[in-house]
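Here is a walk through one model, taking the charged pairs before the strands and the rings. Have the structure open as you read.

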Amino acid sequence: MPIYLDYSATTPMDPAVFEAMRPYFVEKYANPSSIHSLGRAIRDDLEKARETVAKSIGAEAHEIIFTASGSESDNMAIRGTAELFRDKGKHIITSSIEHKAVLESFKLLEKQGFEVTYLPVDTNGIVPLDAVKNAIRKDTTLISIMLVNNEIGTIQPVREISDIAKKQGIIVHTDAVQAMGKMKIDVGELGVDLLTISGHKLCGPKGIGALYIDENLKNDFKPLVVGGAQEYGLRAGTESVPNIIGLAESCAIIMKNLEKEKAHIKSLRDLFEHRLIEELGDVNINGDIEKRVCSISNIAFRYVEAEALMIYAEDICCSTGSACSSESVDASHVLYAIGVNPVDLHGAIRFSFGRFNTEEEVNRAVDILKESVEKLRAMSPLVNR
Ligand SMILES: *Cc1c(COP(=O)(O)O)cnc(C)c1O
């Protein structure tokens with residue numbers, strides 16, 4: 001049986017989530033915009049789901065917009081904000097280690113006449129606050145910095161960035177897709193105006209995301225997708241009710257079990273790293289060891305090509321670079337940004353742990369990795385013998 005250590009790419013659905021969704025495919029199929037009794041019943045369920053999702057991040061229900069993905073939420077937040085304040089200023093800020101959904105949104109805006117600052121990160125993969133302060137100009141309208149990086153798991157100082165931005169009247173968005181379920185999230189404490197989450201990274205369904213928009217910003221916001229008046233007129237299209245119910249159930253489980261789950265995932269990740277460091281050696285953990293979520297371990301195996309290792313260790317499902325860019329031969333833009341040396345760049349693999357992993361799986365994965373790495377190192381001309 002393959003061992004799934006790729007929870008940052010996507011997660012298995014929790015059976016409880018699947019059970020919560022099931023009725024909405026067959027019996028509870030009415031359109032929540034219909035005014036008949038069946039439609040109204042679904043509308044009630046949908047609005048309860050919105051409340052649950054809102055509560056899980058410390059927001060109000062009317063500040064939650066359901067979208068089709070984390071990528072869509074990122075696009076809506078960034079492109080919507082830039083457009084909204086176009087007359088006020090055309091300078092916007094992000095970091096060089098964002099997810100492609102964020103980076104490509106900024107690139108698109110660049111083509112449309114906006115000026116973008118891509119902030120560097122330090123060698124631990126953290127955006128320095130000084131860099132944020134120095135980048136801000138009179139015409140800056142938006143800062144988008146991810147809460148947790150999807151490749152190395154580093155936690156960014158979003159709260160501190162919001163504090164800086166607020167003083168200048170700058171809107172702040174954070175992509176919290178990898179943070180949700182791995183740490184407590186409260187939009188008030190973070191001080192952000194917009195926040196992205198995605199269902200399939202939370203043991204929930206694929207094809208559902210949510211965007212938190214602060215109520216002060218929401219009234220002026222414009223939709224990316226126009227048509228019907230769904231989602232407060234901010235996102236047209238009949239709601240994917242089963243997916244929305246599934247996302248809400250995922251959020252409810254997180255609210256109930258966050259501390260227990262964090263401890264479970266962290267114990268597995270730590271076991272994995274400790275064994276590799278002690279029993280294999282010549283491994284380097286990329287990113288900040290402390291300011292990091294419990295779920296991600298980005299490891300460089302010295303003298304070994306990541307792709308070769310993944311072929312040898314084929315029973316372990318993991319990622320080189322990020323899954324979205326695994327077809328490109330370019331090294332990861334994140335590892336490049338944190339200045340990983342060229343030898344380690346090509347031996348780096350992301351292992352990501354989650355709810356249904358077991359200690360037995362982790363021990364088996366370490367055994368497989370040890371055997372594979374030792375075989376590859378024995379063949380490597382780089383090893384100094
Ligand atoms: C997976 C991911 C996304 C995209 O979410 P989708 O729902 O797959 O579109 C965005 N940002 C980060 C950090 C992610 O890990």
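Arg 275 and Asp 367 meet through their side chains in a salt bridge, 2.7 Å from N to O. This pair ties together distant parts of the chain, with Arg 275 in helix 10 and Asp 367 in helix 14, 92 residues apart. The two partners sit in unlike surroundings: Arg 275 has a relative accessible area of 15%, so it is buried, while Asp 367 comes out at 39% and therefore counts as partly exposed. Keep in mind that this is a predicted model.

How many salt bridges are there in total? The count comes to 25. Another of them joins Glu 72 and Arg 235, again at 2.7 Å from N to O. Here too the link is between distant parts of the chain: Glu 72 belongs to helix 4 (residues 70-84), Arg 235 to the loop between helix 9 (215-218) and helix 10, and they are 163 residues apart. Both Glu 72 and Arg 235 are buried.

Then there's Arg 350 with Asp 6, whose closest N and O atoms are 3.4 Å apart. Arg 350 lies in strand 12, Asp 6 in the loop between strand 1 (3-4) and helix 1 (15-21), and 344 residues separate them. Are these two buried or exposed? Arg 350 is buried because its relative accessible area is just 2%, and Asp 6, at 9%, counts as buried too.

Side by side, the three pairs look like this:

| Salt bridge | N to O distance |
|---|---|
| Arg 275 and Asp 367 | 2.7 Å |
| Glu 72 and Arg 235 | 2.7 Å |
| Arg 350 and Asp 6 | 3.4 Å |

Salt bridges also join up into a network, made of Arg 43, Glu 47, Arg 50, Glu 231 and Glu 239.

One more long-range approach, this time judged by C-alpha atoms: Glu 19 and Gly 246 are 227 residues apart in sequence but 8.8 Å apart in space. Glu 19 sits in helix 1 and is partly exposed, with a relative accessible area of 44%.

On to the strands. Strand 6 (residues 171-175) has five of its five residues buried, so the rest of the structure largely encloses it. Ile 171, His 173 and Asp 175 point one way, Val 172 and Thr 174 point the other way, and all of them are buried.

Which strands pair with strand 6? Strand 5 (residues 140-144) does, in the parallel sense over three bridges, and strand 7 (residues 194-198) does as well, also parallel and over three bridges. His 173 is a handy landmark: Ser 144 stands opposite His 173, and in strand 7 the bridge partner of His 173 is Leu 194. Strand 5, helix 7 (residues 158-167) and strand 6 together make a right-handed β-α-β unit.

Strand 7 also pairs with strand 8 (residues 209-213), but in the antiparallel sense and over five bridges. Within that pairing, Ser 198 stands opposite Gly 209. Strand 8 pairs with strand 2 (residues 64-67) too, antiparallel over four bridges, and there Phe 66 has Ala 210 as its bridge partner.

Why is strand 8 described as largely enclosed by the rest of the structure? Because five of its five residues are buried. Both faces are covered, with Gly 209, Leu 211 and Ile 213 buried on one side and Ala 210 and Tyr 212 buried on the other.

Now the rings. A search of the whole structure turns up four aromatic pairs. One of them is Phe 272 with Phe 353, an edge-to-face pair at 5.2 Å centre to centre with 65 degrees between the planes. The two come from distant parts of the chain, 81 residues apart: Phe 272 is in helix 10 (residues 241-279), and Phe 353 is in the loop between strand 12 (348-352) and helix 14. Both rings belong to buried residues. Phe 272 and Phe 353 are also members of an aromatic cluster that takes in Phe 301 and Phe 351.

Last stop, the surface. Ile 311, Tyr 312 and Met 379 make a nonpolar patch of about 340 Å². Met 379 is part of helix 14 (residues 359-379) and counts as exposed because its relative accessibility is 52%.

Definitions and conventions. Residues are numbered from 1 along each chain as its sequence is written. This is a predicted model: local features need pLDDT of at least 70, side-chain atom pairs count only at pLDDT 80 or more; totals for chains, interfaces and linings use all residues. Side-chain values use heavy atoms; hydrogens and water are left out. Patches are made of residues with over 30% relative accessible area and no salt bridge: like charges are joined within 9 Å, nonpolar side chains (Val, Leu, Ile, Met, Phe, Trp, Tyr) within 5 Å. Accessible areas come from the Shrake-Rupley method with a 1.4 Å probe; for residues, only the protein chains shown count as cover. A salt bridge is a side-chain nitrogen of Lys or Arg within 4 Å of a carboxyl oxygen of Asp or Glu. Buried means under 20% relative accessible area, exposed over 50%, partly exposed in between (1.4 Å probe, protein chains only). Two strands pair if DSSP finds at least two bridges between them. A crossover is right-handed if, with the strands pointing away from the viewer, the path from the first strand over the helix to the second runs clockwise. Rings of Phe, Tyr and Trp (its six-membered ring) pair if their centres lie within 6.5 Å; planes under 30 degrees apart count as stacked, over 60 as edge-to-face and the rest as tilted.
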